[in-house]
Amino acid sequence: MAKLIISRNGQVEQQIQLSKERMTLGRHPRNDIVLAHPAISAAHAAITTILDDSFLEDLHSTNGTFVNGHRIGKHFLQHQDVIKMAKLELQFVADGIRPLAAAQPVLAEISVLNGNNAGKHVALTKPQTTLGRAGVQVVVIQRHPAFYTMTHTEGALAPLLNGTALDLHTPERLSDGDVIDLSGTEMAFRIA
């Protein structure tokens with residue numbers, strides 16, 4: 001699991017695990033990562049992690065977000081990237097380890113079939129796994145004792161399950177080999 005090492009004036013203040021798919025950074029207490037500095041916007045930036053890839057997005061902050069000395073709008077984070085916000089320095093550390101993947105047996109997984117992440121696999125080891133993009137299209141895959149279900153939870157555009165649109169908030173039982181289409185990204189559900 002990737003993490004941020006947050007420093008001020010060369011002194012490490014905290015280390016934060018990127019434990020959620022989307023984590024916000026800013027001065028306001030509602031953020032996932034609160035950065036107490038007057039030059040940091042209330043909602044300054046967000047980091048979205050999909051599989052092993054993390055993306056940093058500036059949320060139209062007043063003073064900007066910089067990676068390795070360059071002001072960014074959106075940036076694909078790489079191991080050892082240095083993010084600057086006001087007087088704070090955040091080092092991105094990608095260790096390539098997904099939490100719980102080795103600790104629990106894989107009962108099922110999602111295999112990405114197309115796009116930039118084609119060939120990648122997501123182990124469904126947690127009771128619930130969220131896939132998609134907030135505000136656009138989100139599904140939740142829930143693990144039950146003997147089967148899995150998928151529920152469309154967010155977004156006007158319905159995801160497809162084997163070519164059929166899912167109803168909002170209605171769980172559908174998944175079977176081995178089912179094909180899920182989330183905004184054009186196709187994934188296969190596989191029982192291990």
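**Notebook: a loop proline, two cores and some strand pairings**

I began with Pro38, which I found in the loop between β4 (33–34) and β5. I kept in mind from the start that this is a predicted model.

Is Pro38 buried or exposed? I looked up its relative accessible area, which is 73%, and since exposed means over 50%, I noted Pro38 as exposed. I then checked a distance across the chain and found that the C-alpha atoms of Pro38 and Lys87 are separated by 9.8 Å, although the two residues are 49 residues apart along the chain.

Next I turned to the nonpolar cores. In soluble globular proteins, nonpolar side chains tend to be buried together. Which residues touch the most other members of the largest nonpolar core? I found that this core has 21 residues, and that Leu4, Leu25, Ile33 and Leu35 are the ones with the most such neighbours. Two or more residues come from each of β1 (3–8), β3 (22–26), β5 (45–50), β10 (82–85) and β11 (88–93), and β11 gives the most, with three residues.

I looked more carefully at Ile33 and listed its contacts, leaving aside neighbours within four places in sequence: they are Leu4, Ile6, Ile16, Leu18, Met23, Thr24, Leu25 and Gly26. I also noted a second, separate core of 18 residues, which includes Ala108, Leu161, Leu174 and Phe189.

After the cores I followed the strands. Strands of a sheet pair through backbone hydrogen bonds, either parallel or antiparallel. In what order do the six strands of the open sheet lie? I read the order as β2-β1-β11-β10-β7-β8, with antiparallel pairing. The edge strands are β2 (11–17) and β8 (70–72), each of which pairs on one side only, and the twist averages 30° from one strand to the next. Within this sheet I checked one pair in detail: β7 (residues 65–67) and β10 are antiparallel and share two bridges, and I found Lys84 of β10 as the bridge partner of Phe66.

My last entries concern β21 (residues 185–191), which is joined to β12 (residues 108–112) by five bridges in the antiparallel sense. Here Ile110 has Phe189 in β21 as its bridge partner, and Phe189 is also one of the residues I had listed in the second core. On looking up β20 (residues 179–182), I found four bridges to β21, again antiparallel, with Asp181 bridged to Glu186. The hairpin of β20 and β21 has two residues between the strands, and I wrote down that Ser183 takes a positive phi near 50° there.

Notes: Residues numbered from 1 in each chain as written. Predicted model: local features only at pLDDT ≥ 70, side-chain atom pairs only at ≥ 80, totals over all residues. Heavy atoms only, no water. Core = buried A, V, L, I, M, F, W, Y, C linked by side-chain atoms within 4.5 Å. Buried < 20%, exposed > 50% of the residue type's maximum accessible area, 1.4 Å probe, protein only. Contact = heavy atoms within 4.5 Å. Pairing = 2+ DSSP bridges. Axes fitted to C-alpha atoms, helices over the stretch in contact; angles between N-to-C directions.
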